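Colleague: I have this one open on my screen. Can you walk me through it?

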Amino acid sequence: MRDEATRRKVQGFEDLLAWQMARELVREINSVAESAPVTRLYAFRDQLQRAAVSVMSNIAEGYDRGSRAEFFHMLSISKGSCAEVRSLLYVAIDAGYIDQSTFARLNQQTHELSRVIGALRAAVGRQRDAQRASR
């Protein structure tokens with residue numbers, strides 16, 4: 001039997017699991033960005049924060065654009081931004097800006113988010129292809 005969350009229709013981008021997970025990633029990245037020594041590294045901190053916000057924002061923007069093709073494209077960009085965050089985490093751990101446990105937690109979080117975005121992108125791609133085939 002399907003539970004209530006499964007039956008609930010998506011009303012806006014805020015209902016998407018990918019967007020919710022991206023929002024949580026932004027919270028986590030902002031917390032790390034405010035810690036020393038990252039807070040003193042303005043360019044690095046800003047790039048890390050911008051990349052995380054890009055993941056979340058591109059999901060929202062793509063959803064509200066109104067076409068499956070555009071949503072698919074924006075999800076691709078979002079997935080790429082998630083990889084950028086993960087890459088920057090390697091810079092942070094290698095330079096000693098974050099500790100191993102923070103790196104491991106955020107690295108895992110970006111991997112999970114990337115998988116969710118990929119699954120959403122695949123579903124949107126199937127919808128886009130079905131729309132094209134029905135024309």
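Modeller: Sure. Of the 135 residues of the protein, 38% count as buried. Keep in mind that this is a predicted model.

Colleague: How many helices and strands are there?

Modeller: Five helices and zero strands. Read along the sequence, the pattern is α-α-α-α-α.

Colleague: What does the C-alpha trace span along its principal axes?

Modeller: About 55 × 35 × 20 Å.

Colleague: And the contacts along the chain?

Modeller: Take the contacts between residues at least 6 apart in sequence. Of these, 69% join residues at least 24 apart.

Colleague: Let's do helix 2. Which of its residues are buried?

Modeller: A18, W19, A22, L25, V26, I29, V32 and A33. They cover an arc of only 130° around the axis, so they sit on the same side of helix 2.

Colleague: Why would residues a few places apart point the same way?

Modeller: An α-helix has 3.6 residues a turn, so residues three or four places apart point the same way.

Colleague: What do the buried residues of helix 2 pack against?

Modeller: Three helices: helix 3 (42–64), helix 4 (68–94) and helix 5 (100–133).

Colleague: How does the span of helix 2 work out at 1.5 Å a residue?

Modeller: Helix 2 covers residues 17–33, which is 17 residues. The expected span is 24 Å, and the end C-alpha atoms are 24 Å apart, so the two agree.

Colleague: Same check for helix 3?

Modeller: Helix 3 has 23 residues, so at 1.5 Å a residue it should span 33 Å. Its end C-alpha atoms are 32 Å apart, which agrees.

Colleague: Which residues are buried in helix 3?

Modeller: F44, R45, L48, Q49, A51, A52, V55, M56, N58, I59, A60 and G62. The buried residues of helix 3 pack against helix 2, helix 4 and helix 5.

Colleague: What happens just after helix 3?

Modeller: G66 takes a positive phi there, about 95°.

Colleague: Switching to charges. How many salt bridges are there?

Modeller: The count comes to six. One of them joins R27 and E24, at 2.6 Å from N to O. Both residues lie in helix 2, three residues apart, which is about one turn of the helix.

Colleague: Are R27 and E24 buried or exposed?

Modeller: In between. R27 has 42% relative accessibility, so it counts as partly exposed. E24 is partly exposed too, because its relative accessible area is 29%.

Colleague: Which residues are linked in a network of salt bridges?

Modeller: E61, R65 and E70. Within that network, the side chains of R65 and E70 meet at 3.2 Å, N to O.

Colleague: How accessible are R65 and E70?

Modeller: R65 has a relative accessible area of 40%, so it is partly exposed. E70 comes in at 32%, which also means partly exposed.

Colleague: What about R128?

Modeller: R128 forms a salt bridge with D129, and the closest N and O atoms are 3.0 Å apart. R128 counts as buried because its relative accessibility is 16%, and the cut-off is under 20%. D129 is at 39%, so D129 counts as partly exposed.

Colleague: Now pockets. How much space lies in the largest pocket?

Modeller: About 170 Å³. R128 comes up again here, as one of the residues that line the largest pocket.

Colleague: Which other residues line the largest pocket?

Modeller: G62, Y63, G66, S67, R68, A69, F71, Q131, R132 and R135. So G66, the glycine with the positive phi, is in that lining too.

Colleague: Which helices supply at least two residues of the lining each?

Modeller: Helix 3, helix 4 and helix 5.

Colleague: Last topic, I93. Where does I93 lie?

Modeller: In helix 4. I93 has a relative accessible area of 18%, so it is buried.

Colleague: What is I93 in contact with, leaving aside its neighbours within four places in sequence?

Modeller: I98, D99, Q100 and F103.

Colleague: And what separates the C-alpha atoms of I93 and A104?

Modeller: They are separated by 9.6 Å. Along the chain, I93 and A104 are eleven residues apart.

Notes
Residues are numbered from 1 along each chain as its sequence is written. This is a predicted model: local features need pLDDT of at least 70, side-chain atom pairs count only at pLDDT 80 or more; totals for chains, interfaces and linings use all residues. Side-chain values use heavy atoms; hydrogens and water are left out. Helices (H or I, at least four residues) and strands (E, at least two) are DSSP runs, numbered from the N terminus. The expected span of a helix is 1.5 Å times one less than its number of residues. Buried means under 20% relative accessible area, exposed over 50%, partly exposed in between (1.4 Å probe, protein chains only). The arc is that of the directions from the helix axis to the C-beta atoms. Contact means heavy atoms within 4.5 Å. A salt bridge is a side-chain nitrogen of Lys or Arg within 4 Å of a carboxyl oxygen of Asp or Glu. On a 1 Å grid over the protein atoms alone, a cavity is a set of points where a 1.4 Å probe fits but cannot get out, and a pocket is an open set with protein on both sides within 12 Å along at least five of seven lines; lining residues have an atom within 4 Å of a point. Grid points are joined across faces, edges and corners, and a volume is the space filled by probe spheres set on the points.
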